[in-house]
Amino acid sequence: MGKRLEIITQQRLEKVRRLRERGINPYPNSYHRTHTAQEARSLFESGKADPASRVKVAGRVTALRHMGKATFLDLRDGSGKIQAYFNKTELGPERHELVRDFDLGDFLGVEGVLFKTHTGEITVNVSDFTILAKSLEPLPEKWHGLVDVEKRYRQRYLDLISNQTVRDTFLTRSRTIAAIRRFLDERGFIEVETPVLQQMAGGARARPFVTHHEALDEDFYLRIATELYLKRLIVGGFDKVYEIGRIFRNEGISTRHNPEFTTLESYEAYADYNDVMTMLEQMVSQTAQAVLGTTKVTYADSTLDFTPPWKRITLRDAVLQTCGIDFELCLKGGPEGLRSAMQQKGMQLDATMSPAYLIDKLVSTYVEPTLVQPTFLIDYPVETTPLAKTKSDNKAMVERFEAFAAGMEFANAFTELNDPEEQAARFAIQEEWRKQFGDEEAERYQEDFIRAMEYGMPPTGGLGVGIDRLVMLLTNQQSIREVILFPQLKRT
């Protein structure tokens, strides 16, 4: 196979040489088309095309059929494909001879009059053409799909060329992000940007990537969340802010985890987690409607209905119903009580697991698989969420929710803690866990963030949405790599 591909490449290089000898540049600087493929087809179908008017379209050759003195080929651009017809009589012998040097994968610009063939195909009757880029490597064998998964991820450009469904997935991703922006902008939120390089990573339970700044001779961390900087902006007087951007977490890779991923985080002053729940329901349902034309989405073997209101259940009840453990009761005696109850269920644990880790493990093991329809898990132990405000009627719990669908968490939110003294105490506990349990994901003590809070932060509702996971749900993709254009892969 390798030898065959080498021969094909050599043949194509020879065609490039012949073109140059004829004074033809096979890689010109530009080409000014008058219509996209879709626009040209629409023009003809509308009946407004003048029989004598000419169009100029351009795209990649995706099908090529030589039929004696005539050649038909398909050109595909970002809008779709259109057929082009090359006839020796129309082009003349010298120009028509060049058609024999066309290959699948080449980019061409063609000019001519539109007509419909006897098979009903809207076609450009080519009177002139320009070679825009010669393809030196052959496209995948079967135009209808590149199926080697590893190659699809490593050479995403081939995947996009070969698989229409892949292109559709990433178009849906782009439209989803645009719809979310419209939703928030229309509600008075302003979009902002916060640092990717941070002197101390915080705002989430995660292990950061570390890098070194040569000029400052200081280590920096790639952000694991945008939360702490966005809340500084709430302190500064912006009442509604959001950011859509890349987050980096030095964690394992799975069908639901990629070290580099995209989140939306929003913060609204004078709101709490109940307000945020309502906003998230509206945002997701309206986004699905705008992008897909429906709020009911097929995912694996289920039909997910994002129509509000979504189911709400407390975390305590969900864990109790699925495995019989009352973690709130167990934690009253410290983490060992919960650890013991979990071990009695046969769970493999060790003494290095912090209370937050234990709760996460309970949820992922027993609760998540049961949450198929969009569901809010609400009210979490304070140990799990050091940045959230406690419930007014239960200081052991915080006003937090996570949103799930198809057994997958895709959003996290809470009423933000705005008491600087309590926040400082929470950070101190996290630092103690880092020492006691070796919990590298525990929050670090953020002195500058505490100082910002000391100037006063109003009651605030915060939200984080995993854009990649939301797109997975909307496009029926079971792997996060299918919705990230260039996922991280081990070097070959």
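What share of the 492 residues of the protein counts as buried? The figure is 51%, where buried means under 20% relative accessible area, exposed means over 50%, and partly exposed is in between (1.4 Å probe, protein chains only). Before going further, a word on what you are looking at: this is a predicted model, so to speak of local features takes a pLDDT of at least 70, side-chain atom pairs count only at pLDDT 80 or more, and totals for chains, interfaces and linings use all residues. Residues are numbered from 1 along each chain as its sequence is written, and side-chain values use heavy atoms, with hydrogens and water left out.

Let's start with the overall picture. The protein has 16 helices and 19 strands; helices (H or I, at least four residues) and strands (E, at least two) are DSSP runs, numbered from the N terminus. Along its principal axes, the C-alpha trace spans about 90 × 50 × 45 Å.

Now to the barrel. Five strands close into it in the order β1-β2-β3-β5-β4, with mixed pairing; two strands pair if DSSP finds at least two bridges between them. On average, neighbouring strands of this sheet are turned by 50° against each other, direction ignored. Take β1 (residues 55-67) and β4 (residues 107-116): they run antiparallel and are joined by six bridges. If you want a spot to click on, V57 stands opposite V110 in β4.

Next comes an open sheet. Three strands form it in the order β7-β9-β8, and the pairing is antiparallel. β7 (197-198) and β8 (210-213) each have a single partner strand and stand at the edges, so one side of each is left without a neighbour in the sheet. Between β8 and β9 (residues 218-222) there are four bridges, again in the antiparallel sense, and here H213 stands opposite E218 in β9.

Helix α9 (residues 273-292) deserves a longer look. How far apart should its ends be? With 20 residues at 1.5 Å a residue, α9 should span 28 Å, and its end C-alpha atoms are indeed 28 Å apart, which agrees; the expected span is 1.5 Å times one less than the number of residues. At the N-terminal end, D272 acts as a cap, with a side-chain oxygen 3.0 Å from the backbone nitrogen of N274. At the other end, α9 is followed by G293, whose phi is positive, near 80°. Buried residues in α9 include Y273, M277, L280, E281, V284 and V291.

α9 also has a packing partner. Helix α7 (residues 164-186) packs against α9 at an angle of about 135°, with the axes 9 Å apart. Axes here are lines fitted to C-alpha atoms, for helices over the stretch in contact, and angles run from 0 to 180 degrees between N-to-C directions. α7 and α9 are therefore oblique to each other: under 35 degrees counts as roughly parallel, over 145 as roughly antiparallel, 65 to 115 as roughly perpendicular, and the rest as oblique.

Further along the chain, follow three strands in turn. β17 (residues 394-405) and β18 (residues 408-415) form a hairpin with two residues between them, and A406 in the turn has a positive phi of about 55°. β17 and β18 run antiparallel, joined by six bridges, and E402 stands opposite N412 in β18. β18 also runs antiparallel to β19 (residues 460-466), this time over five bridges, with F414 opposite G462 in β19. β18 is mostly covered, as six of its eight residues are buried. M408 brings in a residue from elsewhere in the chain: P369 is 39 residues away in sequence but 7.8 Å away in space, C-alpha to C-alpha. P369 lies in the loop between α13 (355-367) and β15 (375-381), and P369 is exposed, with a relative accessible area of 53%.

That leaves the last stop, α16 (467-475) and the segment after α16, where E482 is found. Nine of the nine residues of α16 are buried, among them D468 and R469. α16 is followed by N476, whose phi is positive, near 60°. Is E482 buried or exposed? E482 is buried, at a relative accessible area of 14%. Its side chain makes a polar contact with the side chain of R152 (2.7 Å). A polar contact is a pair of N or O atoms within 3.5 Å; within protein, one must be able to donate a hydrogen and the other to accept it, and residues adjacent in sequence count only if both atoms are side-chain atoms.
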